Amino acid sequence: MATLLCLAGIALAILAVFEPGIPGYALCIAGFVLCTIGGLARARLSLALAGLVFIAFVFAVTPDGFAAVIKAAGANPKRFFKFYDGISGLTAALLIVLLMVAMVRQHAPRGFEEMVGASTDIDRIVVGVGKLASWLFIPTMIVIFYDVSQRKLLDFDNTIIDSAFYFDSTKLQELEWHLHSLLFLMCLGFAYRYDAHVRIELVRDRLRARSRVWLELLGIVLFLLTYCYLIIAFGWTFAGRSYRIGEVSAAQTGLSHRWIIKAAMPVGFAFLFAAGVSAAFKCIVYLFGPTYLRDQVNDYAGTHHADLPEDVAVNGPIAD
């Protein structure tokens with residue numbers, strides 16, 4: 001029953017995106033309440049969190065969502081967002097965090113185990129999307145190979161232009177960077193999950209394990225999640241404007257439907273945001289949870305430099 005409540009809340013938010021004639025803010029508020037009740041009734045923590053974040057995002061970006069509430073209150077939405085956008089976003093984030101704390105307490109005495117489970121659920125989705133997106137490497141290579149080969153063939157025989165096998169080079173080149181962009185954006189969360197991104201560790205690798213985890217947690221909360229939120233919010237507007245005006249390539253022979261590749265940016269950063277939430281859960285369990293769970297959540301307690309001695313890599317420097 002609790003799971004059904006969360007799913008119903010998410011469904012209401014999806015309905016609000018399509019503007020069915022019912023005020024979007026009403027659908028979002030009802031969906032948020034259903035997800036909250038479902039989470040407090042011990043629905044899967046990852047599902048409740050995904051629902052709350054998704055509904056809050058829909059409420060913020062849809063025209064008849066938060067903007068309609070502000071307008072009904074007699075204020076100017078554009079002016080409000082200009083001065084209070086950051087504060088309103090922070091308030092929503094704090095509300096979700098407080099609700100998550102309450103949901104974790106409802107799962108007591110297995111609250112930390114639920115956080116590990118939620119992290120695992122999120123990781124499965126992020127890793128699955130990353131693995132699926134990695135297959136885009138193959139069509140990217142095929143398009144590049146065909147584009148280069150076609151241009152070389154034209155040096156010897158330009159009659160290929162009149163054949164069914166000829167594709168305009170501009171289209172091919174734009175398709176190349178479209179595929180490369182999708183590959184990169186959809187694998188952002190996957191890379192963070194496996195700690196495969198570039199790090200410049202001048203200080204962190206000399207810290208003790210708990211200090212490394214604290215540093216990771218602060219970085220996630222203060223920088224990663226904040227930056228992802230901004231990219232998702234502005235990227236949604238960016239793609240939405242492109243869709244409304246029917247934007248196409250600036251080149252006369254380029255690709256159409258430019259909004260598709262622009263929409264990939266907020267989607268990719270949404271998966272990175274999810275990976276950040278998963279990492280934050282692991283850090284919290286490592287710092288405050290029972291010791292028997294540490295082996296499952298010690299991803300960010302280690303170092304990244306192979307040249308450090310093993311005892312320093314595991315325990316940090318020994319201080320007198």
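**Side-chain contacts across the chain**

The structure holds eight salt bridges, and I should say at once that this is a predicted model. I will take some of these salt bridges in turn, and then move on to the aromatic rings.

Let me begin with Arg-44, which forms a salt bridge with Asp-121, the closest N and O atoms being 2.5 Å apart. Arg-44 lies in the loop between helix H2 (24–40) and helix H3 (45–61), while Asp-121 belongs to helix H6 (residues 111–134), so this pair ties together parts that are 77 residues apart in sequence. As for their surroundings, Arg-44 has 39% relative accessibility and counts as partly exposed, whereas Asp-121, at 16%, counts as buried.

The next salt bridge joins Arg-258 and Glu-174, and here the closest N and O atoms are 3.7 Å apart. This pair, too, links distant parts of the chain, with Arg-258 in helix H11 (residues 258–288) and Glu-174 in helix H8 (residues 169–186), 84 residues apart. Are these two residues buried or exposed? Both Arg-258 and Glu-174 are buried.

The third one I want to show is Arg-193 with Asp-299, whose closest N and O atoms lie 3.3 Å apart. Because Arg-193 sits in helix H9 (residues 188–193) and Asp-299 in the loop between H11 and helix H12 (310–315), the pair ties together parts that are 106 residues apart in sequence. Salt bridges with shared partners join Asp-123, Arg-193, Lys-282 and Asp-299 into one network. Within that network, Asp-299 is partly exposed, at 29% relative accessibility. Arg-193 has a further contact, in that its charged end sits over the ring of Tyr-194, 4.9 Å from the ring centre. In a similar arrangement elsewhere, the charged end of Arg-294 sits over the ring of Tyr-286, 5.0 Å from its centre.

That brings me to the rings themselves, of which the structure holds seven aromatic pairs. In one of them, Phe-57 and Trp-236 have their ring centres 5.4 Å apart and their planes at 90°, so the pair is edge-to-face. Phe-57 lies in helix H3 and Trp-236 in helix H10 (residues 209–245), so parts that are 179 residues apart in sequence are tied together. Phe-57 counts as buried at 16% relative accessibility, while Trp-236, at 40%, counts as partly exposed.

Another edge-to-face aromatic pair is formed by Trp-214 and Phe-288, at 5.7 Å centre to centre and with 90° between the planes. Since Trp-214 lies in helix H10 and Phe-288 in helix H11, this pair ties together parts that are 74 residues apart in sequence. Trp-214 is partly exposed, with a relative accessible area of 35%.

Notes: Residues are numbered from 1 along each chain as its sequence is written. This is a predicted model: local features need pLDDT of at least 70, side-chain atom pairs count only at pLDDT 80 or more; totals for chains, interfaces and linings use all residues. Side-chain values use heavy atoms; hydrogens and water are left out. A salt bridge is a side-chain nitrogen of Lys or Arg within 4 Å of a carboxyl oxygen of Asp or Glu. Helices (H or I, at least four residues) and strands (E, at least two) are DSSP runs, numbered from the N terminus. Buried means under 20% relative accessible area, exposed over 50%, partly exposed in between (1.4 Å probe, protein chains only). Rings of Phe, Tyr and Trp (its six-membered ring) pair if their centres lie within 6.5 Å; planes under 30 degrees apart count as stacked, over 60 as edge-to-face and the rest as tilted. A charge sits over a ring if NZ of Lys or CZ of Arg is within 6 Å of the ring centre and within 35 degrees of the ring normal.
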